[in-house]
Amino acid sequence: MDRDRPMSHAVHSLGDCHNIMDFRTLARRRLPYPVFHYIDGGGDDERTLARNTAAFDDIDLVPNVLAGVGTIDTSTTLMGRETSLPLILSPTALQRIFHWQGERAVARVAERHNLWFGISSLSSVSIEEIGANYAGPKMLQYYYHKDRGLNAALVERARAAKFDAIALTVDTIVSGNRERCKRSGFTTPPRLSPSSFLSYATRPAWALNFLFRERFSLPNLETHVAEGSRRAISIQDYFNGMLDPDMDWTAVEKLRDDWGGTFCLKGVMSVADARRAADIGCDAIMVSNHGGRQLDGSRAPFDQLEEIVDAVGDRIEVICDGGVRRGTHVLKALATGAAAASGGRLYLYALAAAGEAGVERAIAILRQEIERGMRLMGVRSVAELNRDMLRRR
């Protein structure tokens, strides 16, 4: 056995999952391949997708010892709400396709752990249901549509449901080139094809849940558009046809004013854009490349984090979004100056693998990794993490 590599193990059940990538293995076993590859895939050659996680490997942690860390505090305040971990469950679309419990499962786990989480404009559970049933801090990931009536309705529904923030996605004015989805024929709702039939047929638990439980829909959109709920469409075609590529800073400022509450930009990658966001009064930015699903060849969020924090970190909360698979990744982001780290796949794999129980186990594992890492780093609170504890390879 290669002594430089961790011992591999079979992953057949939830009890076999000891890290986020174990959940990925289990999700791959349980999902039809078009659905799995929709979660797992990225743009073009997927180099940015891979880099998002690999970027954390270029920085080493340097611990302090004898720090008296019998008691530690992992809590922090993000966008005006106290949260028990500096970790956000980043909003992702279509979750009831991955597991019939969908956003409801993620919301319940987030509430139990008092974590920020988000739902997408393309969520499979409504803004109203999430607002009425889950008291934890929550954001709406806002896609800016060509349909101005839909845009206005999303704002009003989020306000009425007492969401804590809107996060406007600014890196998805058109779809990235997601070749895995093109090869698999993935659509929302899923549509059988001759090439994919066997994959769906050999995942009977998924198929029976999808066919006989609550009808799949996109309730935040279906009052305005049929695509995605009653009419199957690829995500690429939805983004390319429905979203407004003319969105600009004027539109951002208008949306910020129309909302009037805590406002975040998701998808900022350049220092210039970070400064502009701070200048117009945004409360937070998510340094993000949409999980490597958009512009392949772009830098990883962690690669850009230091210079963005140096430019605007005293004026706006900076969140490192993407590539997080370990608690130590969160610690590296915090030590670089981020207010928090966030990610989607870190809980989506677990949702797909085992529903609410999977998400609960994934978050418990990440919490343990963060707590253990803080003790081994010699820090008693997230505020004590700093760049003196990092060394570039």
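A residue is called buried when its relative accessible area is under 20%, exposed when that area is over 50%, and partly exposed in between. By this criterion R387 is partly exposed, because its relative accessibility is 29%. The structure described here is a predicted model.

## Salt bridges

Side chains of opposite charge can pair when their charged atoms come close. The model holds 29 salt bridges. Three of them are set out below, with the distance between N and O atoms.

| Salt bridge | N to O distance |
|---|---|
| D60 and R393 | 2.8 Å |
| K254 and D258 | 2.7 Å |
| R387 and D310 | 2.8 Å |

R387 pairs with D310, with the closest N and O atoms 2.8 Å apart. This pair connects distant parts of the chain: R387 belongs to the loop between helix 16 (345-377) and strand 12, while D310 belongs to helix 14 (residues 301-312), and 77 residues separate them. D310 counts as exposed because its relative accessible area is 52%, whereas its partner R387, at 29%, is partly exposed.

The salt bridge between D60 and R393 also has a closest N to O distance of 2.8 Å. It links distant parts of the chain as well, with D60 in strand 1 (residues 59-61) and R393 in the segment after strand 12 (390-392), 333 residues apart. D60 has a relative accessibility of 27% and is therefore partly exposed; R393, at 69%, is exposed.

The bridge between K254 and D258 lies within a single element. Both residues are in helix 12 (residues 249-259), four residues apart, which is about one turn of the helix. K254 counts as exposed because its relative accessibility is 51%, while D258, at 37%, counts as partly exposed.

## Nonpolar cores

The largest nonpolar core comprises 119 residues, and L94 and I285 are the members that touch the most others. Helix 16 makes the greatest contribution to this core, supplying 16 residues.

The surroundings of L94 can be described in detail. When neighbours within four places in sequence are left aside, L94 is in contact with Y38, E103, L122, S123, S124, F186, T188, F216, L218 and I235. Apart from the largest core lies another core of twelve residues, including A167, C264, A284 and A340.

How values were computed
Residues numbered from 1 in each chain as written. Predicted model: local features only at pLDDT ≥ 70, side-chain atom pairs only at ≥ 80, totals over all residues. Heavy atoms only, no water. Salt bridge = Lys/Arg side-chain N within 4 Å of Asp/Glu carboxyl O. Helix = DSSP H or I, 4+ residues; strand = E, 2+ residues; numbered from the N terminus. Buried < 20%, exposed > 50% of the residue type's maximum accessible area, 1.4 Å probe, protein only. Core = buried A, V, L, I, M, F, W, Y, C linked by side-chain atoms within 4.5 Å. Contact = heavy atoms within 4.5 Å.
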